[in-house]
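These are my notebook entries on a structure that I had not examined before. I record what I looked up, one topic at a time.

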Amino acid sequence: MTAGETLGPLLRAWRDRVSPGDAGLPDGQGRRVSGLRREELAELAGVSVDYVVRMEQGRYTTPSAQATAALARALRLTGAERDHLHRLAGLAPPTGGEVPDDVPPGLRRALGRLGDAAAAVFAADWQLIWWSRTWAALLGAPDRKPPRLRNFARDTFPAEGDRPHLAHWPVTSLGPQTVEAAVVSDLRRATGSFPDSRRLAGLVRELAARSERFAELWATGAVGAHQEDRKIVEHPGAGPVAVDCDVLCDSDALRKTVILTPAPDTPDEAGFRLAVEPPATTAAPERSTRRR
């Protein structure tokens, strides 16, 4: 099914569910439609009736961003519906400008149910915005580094002589070239969702200027998402620990939830537990207050 074939029925369905009263129009008697007439939608959106007819019939599938936004407002679409309309029209969904750094309550609740998993949340530009206690125990506390440096893309393409900042001790990827390509293609996808983000644009310019590898990969034009990897963490107290790195990405803000887990029933799981579980404390002997 083409975008035009999908867009037409959706516009008609959305038009049918908006009552004239909700749109601020007179709700007269004898109406043959329960929702808005095409003429009313055209008036509310500031477009011609023929424009609406052609879109609903699938004969016009490349509306301008301005007209698409006006139709979304006139149809009283939700945020998710508005974004879907833009995508069907071949347009990037509108954004608030900057990459969001918030962690929604629902995601926080889900993270809270992960127990002692080593988990972190990154923004669309791979800026670290949240981490669990176990993550800090396995890799070192991120808050010891300046916020600007807590960025996985910067760690993946460091400046000459620069050290990674997200981990306090060495972390080695078993597929570094795959990770590099994935980070670059993921950043390109983010630029499509947040074309007005100065922070994201600045990060891309910075990485392209200081890293020939980044510039080479960026020139390929690949678009994708970082999904999984396997890493070796050289923990100072537990020694080398191999962990699987799984990445879950939401579809709207492109936040990435990264979860590090060892293979069960292996020496790596034992090392992981040694690294992240606080050492048992020995109670101090009680002092006697009895006089000798």
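Entry 1, strand pairing. I began with strand 4 (residues 228-235) and strand 5 (residues 239-249) of this predicted model. I found the two strands antiparallel and joined by 8 bridges. I then looked up one pair and noted that valine 233 has valine 241 of strand 5 as its bridge partner. Between strand 4 and strand 5 lie 3 residues, and the two strands form a hairpin.

Entry 2, the next strand. I followed strand 5 onward to strand 6 (residues 256-261) and counted 6 bridges in an antiparallel pairing. Here aspartate 244 stands opposite threonine 261 of strand 6. The hairpin of strand 5 and strand 6 has 6 residues between the strands, and I noted that leucine 254 in this hairpin has a positive phi near 60°.

Entry 3, a helix. I turned to helix 2 (residues 38-45) and asked which of its residues are buried. I recorded Glu40, Leu41, Ala42 and Ala45 as buried. After helix 2 comes glycine 46, with a positive phi near 75°.

Entry 4, the nonpolar cores. I looked up the largest nonpolar core and found that it holds 48 residues. Among the residues with the most contacts inside this core are Phe122, Trp126, Val183 and Val258. Which residues does valine 183 contact, leaving aside its neighbours within four places in sequence? I listed Trp126, Phe152, Ala153, Thr156, Phe157 and His226. Apart from the largest core lies another of 19 residues, including Ala42, Leu71, Leu77 and Leu88. I had already met Ala42 as a buried residue of helix 2.

Note on methods
Residues are numbered from 1 along each chain as its sequence is written. This is a predicted model: local features need pLDDT of at least 70, side-chain atom pairs count only at pLDDT 80 or more; totals for chains, interfaces and linings use all residues. Side-chain values use heavy atoms; hydrogens and water are left out. Two strands pair if DSSP finds at least two bridges between them. Helices (H or I, at least four residues) and strands (E, at least two) are DSSP runs, numbered from the N terminus. Buried means under 20% relative accessible area, exposed over 50%, partly exposed in between (1.4 Å probe, protein chains only). A nonpolar core is a set of buried Ala, Val, Leu, Ile, Met, Phe, Trp, Tyr and Cys residues joined through side-chain atoms within 4.5 Å. Contact means heavy atoms within 4.5 Å.
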